[in-house]
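Okay, everyone, thanks for coming. Let's get the model up on the screen and start with its pockets.

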Amino acid sequence: MGMERELIIAAARELCREVNALEFADPVAYTYNPLDYAWEGHEAYIRKFGAGQKEVLYLGMNPGPFGMAQTGVPFGEIAAVTVWMGITASVGQPPQMHPKRPVQGFSCPRSEVSGRRLWGLFEEMYGTAEAFFRQAYVANYCPLIWMSESGANITPTQLPKSQVAALDAACQRHLVRLIEILQPRVLIGVGGYALKQLELAAAALPDREFRLGTILHPSPASPVANKYWPERPREQIREILNA
């Protein structure tokens, strides 16, 4: 018990090195890697909640500008990280920072709606963070966040295919390694993109059986999420776990 934490940390460091070596061109003007400048927060998350095997792995796409980009924690809305998880950390800054997207760490005044919704759902369902993480773990498929010259967020699906191959290879290696370490039986994508990545990872582990599913992505850009959160994802989780 606890060996998992060291293995996850080693895997995250390797992923950080691999994605730092990549270069992104137009439409990307700025790339942030919170596994680098916000490593302290990410390591604290792993050390606090990465011990033991997990029943369920939840996977997101990549960091949000006011969540993991600020704290280093997946879906890391600051109130959820500091109050519910009990984590605070020192956070640096990316080498090049868009003036409209500053990294202020735990002093960031903005709330990451996706993180507030997701962790709020888990708090409602499990009570304490300790109760949730005894059974589950949350990770992001890709650790990078990209912005255009205007400061607009660029998702992995918006990157040119020529820029995605090496990134996907590194992220898939890390995801498969995470599944090998935590041994979850249930893989849940937070949104359809994450589910697709989980399906690829599961196919790379043919000797293991998984139950796969997806829940509504909590983004405020989704009218469905705005209308049906948290009732619909709560139903989806129960359906997947009880299947």
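Which helices and strands each supply at least two residues of the lining of the second largest pocket? They are helix 1 (3–20), strand 1 (30–32) and helix 2 (34–37). Helices (H or I, at least four residues) and strands (E, at least two) are DSSP runs, numbered from the N terminus.

Quick housekeeping: this is a predicted model, where local features need pLDDT of at least 70, side-chain atom pairs count only at pLDDT 80 or more, and totals for chains, interfaces and linings use all residues. Numbering runs from 1 along each chain as its sequence is written, and side-chain values use heavy atoms, with hydrogens and water left out.

Back to that second largest pocket. A pocket here, on a 1 Å grid over the protein atoms alone, is an open set of points where a 1.4 Å probe fits, with protein on both sides within 12 Å along at least five of seven lines; lining residues have an atom within 4 Å of a point. This one has 17 lining residues, with Asn 20, Leu 22, Thr 31, Pro 95 and Gln 96 nearest its centre. Its volume is about 340 Å³, meaning the space filled by probe spheres set on the points, which are joined across faces, edges and corners.

Now the largest pocket: about 420 Å³, with 22 residues lining it. Nearest its centre you'll find Gly 64, Pro 65, Glu 112, Ser 114 and Asn 153.

By class, what's in the two linings? I'm counting Ala, Val, Leu, Ile, Met, Phe, Trp, Tyr, Cys and Pro as nonpolar, Asp, Glu, Lys and Arg as charged, and the others, Gly among them, as polar. The largest pocket has nine nonpolar, eleven polar and two charged; the second largest has ten nonpolar, five polar and two charged.
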